[in-house]
Amino acid sequence: MSPTPVELREVATVLRRDVLTMLLEAGSGHPGGSLSCVDILAVLYWHAMKVNPERPTWEDRDRLVLSKAHAAPALYAALARRGYFDVRELLTFRKLKSKLQGFPDMQKTPGIDASVGSPGQGLSIANGLAIAARRDRKNFRIYCLMGDGEAQEGQTWEAAMTAAHHGIDNVCAVIDRNHMMGDGNTEEIASLAPLGDKWKTFNWHVISVDGHDVEALSAAFNEASSTKGKPTVVIAKTVKGKGVPFMENRPEWHDRKLTEDLYEEAMRALA
Ligand SMILES: Cc1ncc(C[n+]2csc(CCOP(=O)(O)OP(=O)(O)O)c2C)c(N)n1
C-alpha cells in the first residue's frame, strides 16, 4: 500500500537529515541540489516506482537514472531507508573503498541503475534502457532526474528529440527546476525559459508541479504512467537547499563544506 502524504513528508525529512549527516561526515559534497530533490525521490521510491530492495537487479524493476549525479547523497539516503543496504553505511559516503562514492556507480551500490557523473548524459541512458525494454517486451518504466542547469547541455536536447522520435512512453524525465546551478541563477547564466514550451515543441507531454508537494508529485507520476505514445517530463518547481533556511536559494551552497555549528543549526531547522 502506498504511504500517506503525511508519511511521505516524514520520509523526506528523514532523508534531508541523512543528507546533512553524510555531508558533515564526508567533509565535502553537494547540499543544495541534494536537498532540492529529496521530495521527488521520496515520492518516486515510496509511491511511483515498482522496485524490490531485496532484489536490486530484478529484471522487471523500474529504473532511476540520476542524471544530476552530484545529488548522490539524496539518492543513497533514499536507497538506505528503502532497505537496499544498512543505513549506517551512509556514514562512509565519499570515503576510500566505500560503496557510496561521490557519484553513483552501479558496479558498487545496490539499487543504482546507471553509473553517472557528467551533467547532461542521463536522458540518453534512459532512452537506451527504454529501447532495450521495448525489444525485450518488458514494461518497466525509467525515471530520469535532471537538474535545470543540465538542460544547458546540448545532449539533453538530442535525447529529448530521440525519445519523442521513437515514441518512448516508458521514460519520465523529472526536472528539478530550482533555477540555480553551481555559479548562480540559470536564467542569468543561460536562460531556459520558457522551459515547458521547449519540451512541448520537442513533442513531450509536459506536467508542471510544485516539487515539494508530495501529493502533486504523486499525481504527476500517475499521469505520466498513463500517458501513451510520447514521453513525459515533469517540471518540478523547487528551492535549492530546501528545508535549511540559510541554504535556501543560495548558490554558494551548491558544494560548500558544512561545519559542526552549521550542521547543528540545519538539524534544528529539520527537527
Ligand atoms: C560536463 C560538465 N559540465 C559542468 C560541470 C560542473 N557542474 C557540475 S553540477 C553543475 C551545476 C548543475 O546545475 P543543475 O543541473 O541545475 O544542478 P542543481 O542546481 O539541481 O544542483 C555544474 C556546472 C561538470 N562537472 N561537468
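The paragraphs below lead from the whole chain to its sheet, then to one residue and to the surroundings of the ligand.

This is a predicted model, in which local features need pLDDT of at least 70 and side-chain atom pairs count only at pLDDT 80 or more, while totals for chains, interfaces and linings use all residues. Residues are numbered from 1 along each chain as its sequence is written.

The secondary structure of the protein chain comes to 10 helices and seven strands, where helices (H or I, at least four residues) and strands (E, at least two) are DSSP runs numbered from the N terminus. The C-alpha atoms of the chain fill a box of roughly 50 × 45 × 35 Å along the principal axes. For 271 residues a compact globule would have a radius of gyration near 18 Å, and the 17 Å of the protein chain agrees with that; the radius is taken over C-alpha atoms, and the globule rule is 2.2 Å times the number of residues to the power 0.38. Of the 271 residues, 48% count as buried, a term for residues with 20 or more other C-beta atoms within 10 Å of their own (exposed means 12 or fewer, partly exposed in between, with C-beta atoms placed from the backbone).

Within this chain lies an open sheet of five strands in the order 1-2-3-7-6, with parallel pairing; two strands pair if DSSP finds at least two bridges between them. Strand 1 (63–66) and strand 6 (205–210) stand at the edges with a single partner strand each, so one side of each is left without a neighbour in the sheet. Neighbouring strands of this sheet are turned by 20 degrees against each other on average, direction ignored, the axes being lines fitted to C-alpha atoms (for helices over the stretch in contact) and angles running from 0 to 180 degrees between N-to-C directions.

Strand 1 and strand 2 pair in the parallel sense over four bridges, and Arg63 stands opposite Ile142 in strand 2. Six bridges join strand 2 to strand 3, which run parallel, with Tyr143 opposite Cys172 in strand 3. In a regular strand the side chains alternate between the two faces of the sheet. Both faces of strand 2 are covered, since Ile142, Cys144 and Met146 on one side and Tyr143, Leu145 and Gly147 on the other are all buried.

Strand 3 (residues 171–177) also pairs with strand 7 (residues 232–237) in the parallel sense over six bridges, and Ile175 has Ile235 in strand 7 as its bridge partner. Helix 9 (residues 214–225) packs on the sheet, touching strand 3, strand 6 and strand 7, and its direction makes about 170 degrees with that of strand 6.

Val174 has its place in strand 3 and counts as buried because it has 30 C-beta neighbours inside 10 Å. Leaving aside residues up to four places away in sequence, Val174 touches Ile40, Tyr143, Cys144, Leu145, Met146, Val234 and Ala236, contact meaning that two C-beta atoms, placed from the backbone, lie within 7 Å.

The last stop is the ligand. Of the 17 residues around the ligand, Gly33, Gly147, Gly149, Glu150 and Met181 come nearest, a residue being near if its C-beta atom, placed from the backbone, lies within 6 Å. Helix 2 (31–36) and strand 4 (180–181) each supply at least two residues of this shell, and helix 2 gives the most, with three residues. By class, the shell has three nonpolar, nine polar and five charged residues, where Ala, Val, Leu, Ile, Met, Phe, Trp, Tyr, Cys and Pro count as nonpolar, Asp, Glu, Lys and Arg as charged, and the others, Gly among them, as polar.
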